[in-house]
Amino acid sequence: MSDVFERVKKIVVENLDVEADKVTESASFIDDLGADSLDLVELVMAFEEEFNIEIPDDVQENIRTVGDAVTHIKAHVS
Amino acid sequence: MFDLSGRTALVTGASGGIGSAIAKSLSEAGAKVALSGTREGVLEEVRSGLPGEGVVVTANLSDAESVDSLVGRAEEALGGGLDILVANAGITRDKLLMQMKPEDFDDVMNVNLGSYYRLTKSVVRGMMKRRHGRIIGITSIVGVTGNPGQANYCASKAGMIGFTKALAQEVASRGITANCIAPGFIESPMTDVLPDAQKEALLGQIPSGKLGQGSDIASAAVYLASSEAAYVTGQTLHVNGGMAMI
């Protein structure tokens, strides 16, 4: 599962139309990558599809950075 | 006039007067329609009368699980994601407030407004992905004007209007519109049984001098579902013969 970050990065680059080098573990979706709350919902939907998992609403609320997403996805993908 | 070819639609309350008229008009415009309601036999009859393709998916809107699964079942039966949702189902439990029991209030709010929340929530996800969607809530003139004996119903219908405005703002950037249609007095089995004196009094309040038809509401729904209405969102279209001008 070491490629989780790379797969997340690819989705973020495509969805938010940002430069790949801006997508770091510590990058905040909203503050650094220009996402709005609806973009975040769509990103989570895309993660769910890519990794075939379901990310519960209360977990979604805690996903602020790219690293948060990677951590949660790793925890959900066995 | 408006072409809905290749579009799919779900109409709730499709066995009733207004719901069946909406289903028929969407079908005439080319949409493939899923008919939902509790009475399977009546829904089958409506389906067989459609000019185009249609499917029947039963649902009891007072049952949360049944509502939550409805969009998925409709999409499966239609063989694709939903483009158009017409939330038309509703119930009444008319009583003066002084006589209204908590369950009279809760049932009406739950079926009319609660199911609207559940249905729109489950349909909007796919619409966001596809960057296209039309959500149409059938509310009522009394949600805006009030009506004695219907505090619960009026609250639920006014609630739909506010809900739709919030939803419209949330999803507008994704090519999804959300609007309401507010019918006035529409000829139906419900209005047929009114005493003549009451009918006369009613007609006196309607400048066009007649009750509306289901097809009047259906035409409004076809417009709001069309590509031509892409720039119309968060609105309530009043179809009432001039009975209230808002």
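**Cavity, pocket and annotated sites in a predicted two-chain model**

The largest cavity is lined by Thr12(B), Leu61(B), Ala87(B), Asn88(B), Ala89(B), Val111(B), Asn112(B), Ser115(B), Tyr116(B), Leu119(B) and Met160(B). The model in which this lining occurs is a predicted one, and the values reported below were computed from its atoms. The volume of the largest cavity comes to about 30 Å³, and the structure holds one cavity of 30 Å³ or more. Helix α4(B) supplies five residues, the largest share of the lining. By class, seven of the residues around the largest cavity are nonpolar and four are polar, while none is charged.

An open space was also examined, namely the second largest pocket, for which a volume of about 990 Å³ was obtained. Its lining comprises 29 residues, of which Val41(A), Asp57(A), Gln60(A), Lys121(B) and Arg125(B) are the closest to the centre of the pocket. The elements contributing two or more residues to this lining are α2 and α3 (57-60) on the side of chain A, and α4 (102-130) and α6 (151-171) on the side of chain B. In the lining of the second largest pocket, 16 residues are nonpolar, four are polar and nine are charged. Charged residues are thus present in the lining of this pocket, whereas the lining of the largest cavity has no charged residue.

Chain A contains four helices and zero strands, and its elements follow the pattern α-α-α-α when read along the sequence. The radius of gyration of chain A is 11 Å, which agrees with the value near 12 Å that a compact globule of 78 residues would have. The C-alpha trace of chain A spans about 30 × 25 × 20 Å along its principal axes. Of the 78 residues in this chain, 45% count as buried. Among the contacts in chain A with a separation of 6 or more, 49% are accounted for by residues 24 or more positions apart.

Within chain A, Ser37(A) is covered by the annotation "modified residue: O-(pantetheine 4'-phosphoryl)serine", which comes from an unreviewed UniProt entry. Ser37(A) is placed in helix α2, which runs over residues 37-51 of chain A; helix α2 of chain A is also one of the elements that give two or more residues to the lining of the second largest pocket. Ser37(A) has a relative accessible area of 55% and is therefore classed as exposed, the cut-off for that class being over 50%.

For chain B, an unreviewed UniProt entry carries the annotation "domain: Ketoreductase" over residues 7-189. This span is 50% helix and 18% strand, and its end C-alpha atoms lie 30 Å apart. In chain B, Thr38(B) is located in the loop between β2 (32-37) and α2 (40-48). With a relative accessibility of 55%, Thr38(B) counts as exposed. When residues up to four places away in sequence are not counted, Thr38(B) touches Ala59(B) and Asn60(B). The C-alpha atom of Thr38(B) is separated by 8.9 Å from that of Val57(B), a residue 19 residues apart from Thr38(B) along the chain.

How values were computed
Residues are numbered from 1 along each chain as its sequence is written. Chains are lettered from A and ligands numbered from 1 in the order in which they are written. This is a predicted model: local features need pLDDT of at least 70, side-chain atom pairs count only at pLDDT 80 or more; totals for chains, interfaces and linings use all residues. Side-chain values use heavy atoms; hydrogens and water are left out. UniProt positions are given in the numbering used here, feature names are shortened, and annotations may be inferred rather than shown by experiment. Buried means under 20% relative accessible area, exposed over 50%, partly exposed in between (1.4 Å probe, protein chains only). On a 1 Å grid over the protein atoms alone, a cavity is a set of points where a 1.4 Å probe fits but cannot get out, and a pocket is an open set with protein on both sides within 12 Å along at least five of seven lines; lining residues have an atom within 4 Å of a point. Grid points are joined across faces, edges and corners, and a volume is the space filled by probe spheres set on the points. Ala, Val, Leu, Ile, Met, Phe, Trp, Tyr, Cys and Pro count as nonpolar, Asp, Glu, Lys and Arg as charged, and the others, Gly among them, as polar. Contact means heavy atoms within 4.5 Å. The radius of gyration is taken over C-alpha atoms; the globule rule is 2.2 Å times the number of residues to the power 0.38.
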